[in-house]
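These are my notebook entries on one protein structure. I record in them what I looked up and in what order.

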Amino acid sequence: MGEHDVRELDAERLRDFTRRLLADLRALELLLEHGFIEKGVRRIGAEQELFLVDKRWRPAPLAVEMMEQIGDDHYTTELARFNLEFNTDPMTFGGDCLRRMERQMNELLAKGREAADALGIELAMIGILPTLEKSDLSLANMTPKPRYFALNDAMKRLRGSDYEFYIKGLDELIVSHDSVMVEACNTSFQAHYQVGPDEFVELYNLTQALAAPVLAGACNSPLLFGKRLWRETRIALFQQSVDHRAATPHLREQAPRVSFGRHWVDGSVLEIFREDIARFRVLLSAEIDEDPFAMIRANQIPNLKALRLHNGTIYRWTRPCYGILGDKAHLRIENRILPAGPSILDEVANAAFWFGLLAGGSRHYGDIRRELDFDAAQENFMAAARLGMRAQLTWPGRANVSAIDLILEELLPLAREGLKTKEIASEDIDRYLGVIEERVRTKRSGSQWQLDSLAAMKDQGLKAERLAAITAGAVARQKQGDPGHLWPVARLEEAGGWEKHFSRVEQFMTTDLFTVGPEDVIDLVAAVMDWKRIRYVPVEDAHHHLLGLVTHRQLLRLISQPGKGPGATVPVQEVMKRDVQVATPEMSALEAIRLMRQHRVGCLPVVQEEKLVGIVTENDFLGVAGQLLEDELSH
């Protein structure tokens, strides 16, 4: 759930915390050596991350108010004011535990929905919220907890520049941002599996190997800022959103804080913690008053607060966790690859699939290190994130196999057998693995539902309206409780009307721009206007700074001047208008209209941090006016 009692680091605190971190690691080594870590007990648990959305299906920054309204310790805050998380209680793995997990998750979600309803908002379970816009990721929307601001400051100091994002799918995203708030675009469903110290290595490595097929069938994050990217875009986005690395003059290897890992684990859980302490600088510190060695001598279990805090700033997709339940220490494997949604039933089914594979896979595959090369496991994982069920995977005994065939023919029977060995209720095995089987057989993941919904609404309404319809449709169907593969596609009318999605310039501006440089010949502008049927061409430099604007009217004036007609070599900078009225992405639509009327202009280039990011024209407003007229006539 995270540690909020943190402080910014200075040199003295850094040295003190590092000493305590090393002491905690040595204490853990002693706990392992002397048998203080619980064994022979299998427990499961989960963390559920949520988006808060308003009645326009946009992010609602009301997490603090929600926490006051809910009043339940199962809930906690996340990085952004528009996110929350709740945690299930630990449950012994066996019998009806999966059913009880689903029941508790539904109860906690119902409690959250009740609080949200009192505040006039909704809760959404989805890997990446389709209606998120870049302007939502300002520090004003960071949850007011010291941990988050300290983390942001530390990451900025390490990186020394803005974060650069590049993700290519069907569409392409190239954007920069100045804080770790992009991390808040992601919400996940994190499953926990308690293991004994002697079996940790085998089950941790097995989790790594299984990550690809488990993810391939569970993707639910295909959209970011309206762009169709990976089937599980969270994977690429999260790695880049907290990446402190910067380019170096030589080919120096640098490990990212979000990673799949670099190799199989060979020794024990200590190997991972040592690797992370050696590679990654301390970002946060906290007040620590325990002496772990004194506690061990007194037969007490230390909290290892420094180790746990540092571990919380290393975002392995498969993360080792140290915890205490009652008066006993234990180890857990945290599966961080799964997205939130589409429904609670889908999420518990995903967890059941993973739990069953861990329970049955060790006997089936033995030491996975002898069966599968680590690089192949990592390549499988990236292929699953990019392509989902369409991924082709390298697998023991099968060479190259489709994710669908691997899941249906080998992994589902293996998971079923694993759950049986743990005496999970047979009706629950059928229920949860049945969801996985039908989802994979029909190729209807949550990501596919979002993409199918978007395609079904092609050319209908505003882009912001289509994305809102997907969000609204997901929230409505989640309340019904059906698994995602049974959902009908979202309909445009679910967004609640176009007028709800016409409030800010960024919701309807054109970002696919045709521009020229100041030294270009004016004939190029005329050709572009003719080819693309546009009346305005912005002029920018090589760094995308707006320098001016050429309008269709200016071209007509130029042609009428002696010596300036066809055949004359006239540079754009001699013709362009330099004093240009501009908008910002956050500007209200009404303010943009007012600005255009006041200055009698037909377009507004949209500028952010002095760089051209879009354009709005009178045609954009005419389209909205046409929609308004159509609505009035229909009534």
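**Entry 1: A buried leucine**

I began with Leu-215, which counts as buried because its relative accessibility is 0%. I keep in mind that the model is a predicted one. I then located Leu-215 in helix H5, which covers residues 200-216. I also looked up a residue that lies far from it in sequence. Leu-215 and Gly-388 are separated by 173 residues along the chain, yet their C-alpha atoms are 7.2 Å apart in space.

**Entry 2: Salt bridges**

I next turned to charged side chains. Side chains of opposite charge can pair when their charged atoms come close. How many salt bridges does the structure hold? I noted 41 salt bridges.

I looked at several of them one by one. In one of them, Glu-38 meets Arg-43, with 2.9 Å from N to O. I checked the cover of this pair and found both Glu-38 and Arg-43 buried.

A further salt bridge joins the side chains of Glu-232 and Arg-234, again with an N to O distance of 2.9 Å. Are these two residues buried or exposed? Glu-232 has a relative accessible area of 0%, so I entered it as buried. Arg-234 is also buried, because its relative accessible area is 3% and the cut-off for buried is under 20%.

I then took up Asp-346 and Arg-439, which form a salt bridge whose closest N and O atoms are 2.9 Å apart. This pair links distant parts of the chain: Asp-346 belongs to helix H10 (residues 344-365) and Arg-439 to helix H13 (residues 426-442), with their positions 93 residues apart in sequence. I recorded both Asp-346 and Arg-439 as buried.

Finally, I noted a network of salt bridges that links Arg-58, Glu-133, Asp-136, Arg-504 and Glu-506.

**Entry 3: Strands E6 and E7**

I moved on to strand E6, residues 163-168, and asked which residues make up its covered face. Tyr-163, Phe-165 and Ile-167 form the covered face, while Glu-164, Tyr-166 and Lys-168 form the uncovered one. The general rule helped me here: in a regular strand the side chains alternate between the two faces of the sheet.

I then looked for the partner of E6. Strands E6 and E7 run antiparallel and are joined by 6 bridges. A hairpin of 3 residues connects E6 to E7. Within this pairing, I found that Tyr-166 has Ile-174 of E7 as its bridge partner.

**Entry 4: Strands E19 and E20**

I examined a second antiparallel pair, in which 6 bridges join strand E19 (residues 603-608) to E20. Leu-604 has Val-616 in E20 as its bridge partner. Strand E20 spans residues 611-617, and 5 of its 7 residues are buried, so it is largely enclosed by the rest of the structure. The hairpin of E19 and E20 has 2 residues between the strands, and there Glu-609 takes a positive phi near 50 degrees.

**Entry 5: A negative surface patch**

Which residues form the negative surface patch? I listed Asp-162, Glu-164, Asp-178, Glu-609 and Glu-610. Glu-164 had already appeared on the uncovered face of E6, and Glu-609 in the hairpin of E19 and E20. For Asp-178, I found a place in the loop between strand E7 (172-177) and strand E8 (189-195). Asp-178 is partly exposed, because its relative accessible area is 37%.

**Entry 6: Backbone exceptions**

I closed with the backbone. Most residues other than glycine have a negative phi, and most peptide bonds are trans. I therefore looked for exceptions to this rule.

Asn-299 is not a glycine, yet its phi is positive, at about 60 degrees. Asn-299 sits in the loop between helix H8 (292-297) and helix H9 (305-311). Its relative accessible area is 62%, so I classed Asn-299 as exposed.

Asp-459 likewise has a positive phi, near 70 degrees. I placed Asp-459 in the loop between helix H14 (446-456) and helix H15 (463-480). Asp-459 is exposed, because its relative accessible area is 70%.

My last search was for a cis bond. The peptide bond from Gly-341 to Pro-342 is cis, with omega near 0 degrees. Pro-342 lies in the loop between strand E14 (328-335) and H10, and H10 is the helix in which I had found Asp-346.

Methods: Residues numbered from 1 in each chain as written. Predicted model: local features only at pLDDT ≥ 70, side-chain atom pairs only at ≥ 80, totals over all residues. Heavy atoms only, no water. Patch = residues over 30% accessible without salt bridge, like charges linked within 9 Å, V, L, I, M, F, W, Y side chains within 5 Å. Areas by Shrake-Rupley, 256 points an atom, 1.4 Å probe, with all protein chains shown as cover. Salt bridge = Lys/Arg side-chain N within 4 Å of Asp/Glu carboxyl O. Lys, Arg positive; Asp, Glu negative; His and termini not counted. Charge placed at Lys NZ, Arg CZ, Asp CG, Glu CD. Helix = DSSP H or I, 4+ residues; strand = E, 2+ residues; numbered from the N terminus. Buried < 20%, exposed > 50% of the residue type's maximum accessible area, 1.4 Å probe, protein only. Pairing = 2+ DSSP bridges.
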